[in-house]
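Thanks for sharing this one. Here are a few notes to read alongside the structure, set out point by point.

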Amino acid sequence: MTVVNLFWKQSMIYGVGTILVRSVSFALLPLYTAFFTTAEAGYVYLLFTFIAFAQVFYNHGMDSAFLKFISQNDNNKQSVLNTSLLTLLCSSAFFSLLLYYFSSLISNVYLGIDEAFWISLCSLILLIDVISSRIMAYLRVINRPIYFSIISIVSVVVTIGANIYLITSLNMGIVGVLYGTMTGSLIRFILVAPLLFSGFNLNLFKFDLYKRMFIFGIPFFPAALFFMIMEMADRYLLLQLANVETVGIYSIGYKMGSVLMFLITGFNLAWQPLFHKEQQNDNRLEIFSTIATQFLVFMILVGGIISIWLPLIVQIPIGNGNTLIGEAFWGSIQIVPVIILSYIFYAAYILQMPSLYDGNNQKWSPLLRGLGAAINIGLNLILIPKYGGMGAAIATLLAYSTMFIALFILNRKWLPISFNYGRIILLLGICIIGFYYLQIEPHKHWCRFILSVIIISAGFPLLKGAYKDQIQNSLTNK
């Protein structure tokens with residue numbers, strides 16, 4: 001089996017589990033839009049934003065260091081694992097205690113209301129999640145995809161079931177969302193606990209190893225921080241520059257567009273270990289270019305089909321007079337194609353990232369992410385007052401596209417990973433033109449079907465990796 005085929009096999013297995021975990025909030029959209037007002041939905045997604053942002057501090061770049069060191073230390077995996085886990089336990093407990101102690105202050109400053117209990121629950125969720133996530137990463141490294149997927153699926157089912165029960169039967173509202181999320185996190189922790197405790201040994205902690213991991217990983221902390229600012233700052237700025245109702249509507253649309261982010265996350269679980277392992281492979285440029293074109297085409301296909309059919313999907317009746325997405329949130333559909341295009345550019349950026357792990361290039365990671373964050377915040381401040389949620393979506397698109405273009409230019413000297421540019425641009429153009437035509441003629445459903453066939457027909461040949469010329473050109477120009 002070739003490296004590329006093995007990669008896609010593992011990527012699919014890991015991807016299924018990870019996509020399920022990441023898609024919990026997406027699967028719960030019908031529940032949230034049926035039982036919550038736009039303002040309540042706004043607070044729910046502000047809390048999710050807070051959790052995602054805080055995770056950056058909990059990991060502080062050590063997740064990247066863990067994958068790097070454990071992938072390249074076949075004889076020292078247990079020392080890397082134990083050193084990483086012990087330091088993670090200490091730092092995570094410290095951060096959670098801080099959040100708990102300052103929960104009232106954080107709630108008032110961030111949410112504009114005094115709901116300290118919400119922040120306290122978030123601190124517990126973070127503590128549980130960050131430990132179990134590190135063990136889940138270890139499962140990827142030791143090639144335990146089935147175990148990984150089973151744990152992911154069970155935690156997803158429990159999370160969804162707990163949310164439905166707490167919100168519909170016990171009428172617990174936003175607190176029910178947090179308790180439901182915590183229940184799923186606890187189940188995942190319990191399932192990984194045997195591996196955690198069986199492999200945990202204080203004697204395997206090595207301070208010099210931790211120093212080397214910290215030195216490697218710390219540049220990725222500001223990079224991750226800038227990424228989360230770029231990903232999440234729009235919700236907070238919408239709250240400050242508009243209102244919490246706008247946050248709720250925008251967040252629902254953003255979540256629908258973030259289907260592609262689930263795919264990227266699942267893909268990246270296999271992508272990062274691959275390019276670490278293949279750093280010394282003379283054929284790595286061909287391998288990376290093959291995977292890059294295949295994944296980017298797949299992203300465009302999925303994004304195009306979603307954009308075309310979403311206006312009809314959200315109106316699917318689910319009983320009791322409700323639709324799949326509550327009518328109060330239908331206005332969010334307009335931003336979905338913009339968010340999808342943003343994530344296509346982000347996928348292209350991820351595909352160019354192997355060079356950042358070569359030599360001293362990792363110092364560029366925070367610079368590129370910082371550039372994206374600065375553009376995103378600046379444009380949000382300019383566009384939100386005039387265009388509301390659409391302005392925030394456009395800011396996100398321009399930030400991701402700038403990041404990709406900057407890294408792509410740098411990679412012409414470092415590691416010129418190629419795409420089939422002409423066909424990809426053509427495929428993307430068909431999707432964009434088709435979507436906006438259907439905005440003018442929304443009732444021509446037969447056009448949606450024909451357009452879907454055209455998109456799939458144009459993209460499918462590229463999934464086979466038939467672009468040898470681009471690879472040869474990259475090797476020649478290197």
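1. A good place to begin is the pairing of two helices. From α5, the residues M62, D63, F66, L67, I70 and S71 make contact with R134, A137, Y138, R140 and V141 of α8. Please keep in mind throughout that this is a predicted model.

2. The geometry of that pair is worth a look too. The axes of α5 (62–71) and α8 (residues 116–141) come within 11 Å and cross at roughly 30°. Angles under 35 degrees count as roughly parallel, and α5 and α8 are therefore roughly parallel to each other. The crossing of α5 past α8 is right-handed.

3. Just ahead of α5 there is a backbone detail to check. H60 lies in the loop that links α4 (38–59) to α5. Its phi is positive, about 35°, although H60 is not a glycine. Most residues other than glycine have a negative phi, so this is a spot I would point out to any reader. As for its surroundings, H60 counts as buried because its relative accessibility is 15%, and the cut-off for buried is under 20%.

4. A second residue belongs beside that one. N171 sits in the loop between α9 (145–169) and α10 (173–199), and N171 also has a positive phi, near 55°, without being a glycine. Is N171 buried or exposed? With a relative accessibility of 66%, N171 counts as exposed, since the threshold for that class is over 50%.

5. Now to an arginine inside a helix. R235 is part of α12 (residues 220–241), and its relative accessible area of 7% makes R235 buried. Which residues does R235 touch, leaving aside those up to four places away in sequence? They are L46, T49, V247, Y250, S251 and Y254.

6. Last comes α19, where length and burial can both be followed. Helix α19 (residues 421–440) has 20 residues, so at 1.5 Å a residue the expected span is 28 Å; its end C-alpha atoms are 29 Å apart, which agrees. The buried residues of α19 are I424, L427, L428, C431, G434, F435 and L438. Why do they fall on the same side of α19? They cover an arc of only 130° around the axis, which places them together on that side. The general background is that an α-helix has 3.6 residues a turn, so residues three or four places apart point the same way. On the other side of α19, the exposed residues are G422, I425, L426, I433 and I440.

Technical notes:
Residues are numbered from 1 along each chain as its sequence is written. This is a predicted model: local features need pLDDT of at least 70, side-chain atom pairs count only at pLDDT 80 or more; totals for chains, interfaces and linings use all residues. Side-chain values use heavy atoms; hydrogens and water are left out. Helices (H or I, at least four residues) and strands (E, at least two) are DSSP runs, numbered from the N terminus. The expected span of a helix is 1.5 Å times one less than its number of residues. Buried means under 20% relative accessible area, exposed over 50%, partly exposed in between (1.4 Å probe, protein chains only). The arc is that of the directions from the helix axis to the C-beta atoms. Contact means heavy atoms within 4.5 Å. Axes are lines fitted to C-alpha atoms, for helices over the stretch in contact, and angles run from 0 to 180 degrees between N-to-C directions. Angles under 35 degrees count as roughly parallel, over 145 as roughly antiparallel, 65 to 115 as roughly perpendicular and the rest as oblique. A crossing is left-handed if the near helix is turned anticlockwise from the far one by less than a right angle, and right-handed if clockwise.
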